[in-house]
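This report goes through one protein model, beginning with its interior and then turning to the overall fold and a pair of strands. The sequence and structure are shown first.

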Amino acid sequence: MQQRERVRIDRQLASWDVDSARGPWTRWLLESVRDRPGVRAAELAREAGRPVSRVKSQAWRLAELGLVLRSGQSYRLSEHGAAYLAGRER
């Protein structure tokens, strides 16, 4: 992943985290989807104590950036999302 793309994603995710009334959520959601491919929104919502609709909305935002893929009712990390997280963990 190119540095310019990483910076753009970092800024967008930081903006969403700052704007969230319930606090940061982007890294948690990305890591949850990475660690459990095929996880359903209801499962994530229950785990986080958030409404299912909120988790779906958040996953949709991450999908717009190309970080998460939706398959039916479940989510998995895209290759782009995996590369993004791998670069953050260095």
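## Nonpolar core

In this predicted model, the largest nonpolar core has 21 residues, and the members that touch the most others are L13, L29, L30, L62 and L67. Six elements each supply at least two residues of this core: the helices α1 (3-19), α2 (26-35), α3 (41-48), α4 (52-64) and α5 (79-88), together with strand β3 (74-77). In soluble globular proteins, nonpolar side chains tend to be buried together.

L67 serves as an example of the packing. Apart from neighbours within four places in sequence, L67 is in contact with I9, L13, L30 and L62. The remaining contacts of L67 on that basis are L77, S78, H80, G81 and Y84. Among these partners, L13, L30 and L62 are also listed with L67 as the core members touching the most others.

## Overall fold

The protein contains 5 helices and 3 strands, arranged along the sequence as α-α-β-α-α-β-β-α. Its radius of gyration is 12 Å, close to the 12 Å given by the globule rule for 90 residues, so the protein is as compact as a globular protein of that length. The C-alpha trace spans about 35 × 25 × 20 Å along its principal axes.

Of the 90 residues, 36% are buried. Among contacts with a separation of 6 or more, 55% are between residues 24 or more positions apart.

## Surface and charge

The protein exposes about 5600 Å², and carbon and sulfur atoms supply 46% of that area. There are 18 positive and 11 negative charges, and the mean positions of the two sets are 3 Å apart.

## Strands β1 and β3

R40 belongs to strand β1 (residues 39-40), and S74 to strand β3. Is each of these residues buried or partly exposed? S74 has a relative accessible area of 16%, which is under the 20% cut-off, so S74 counts as buried. R40, with a relative accessible area of 45%, is partly exposed, because that value falls between the limits of 20% and 50%.

The two residues are in contact with each other. Leaving aside neighbours within four places in sequence, R40 touches Q73 and S74, while S74 touches G38, V39, R40 and L69. P24 is 16 residues from R40 in sequence, and the C-alpha atoms of P24 and R40 are 20 Å apart in space.

Technical notes: Residues numbered from 1 in each chain as written. Predicted model: local features only at pLDDT ≥ 70, side-chain atom pairs only at ≥ 80, totals over all residues. Heavy atoms only, no water. Helix = DSSP H or I, 4+ residues; strand = E, 2+ residues; numbered from the N terminus. Rg over C-alpha atoms; globule rule 2.2 N^0.38 Å. Buried < 20%, exposed > 50% of the residue type's maximum accessible area, 1.4 Å probe, protein only. Contact = heavy atoms within 4.5 Å. Areas by Shrake-Rupley, 256 points an atom, 1.4 Å probe, with all protein chains shown as cover. Lys, Arg positive; Asp, Glu negative; His and termini not counted. Charge placed at Lys NZ, Arg CZ, Asp CG, Glu CD. Core = buried A, V, L, I, M, F, W, Y, C linked by side-chain atoms within 4.5 Å.
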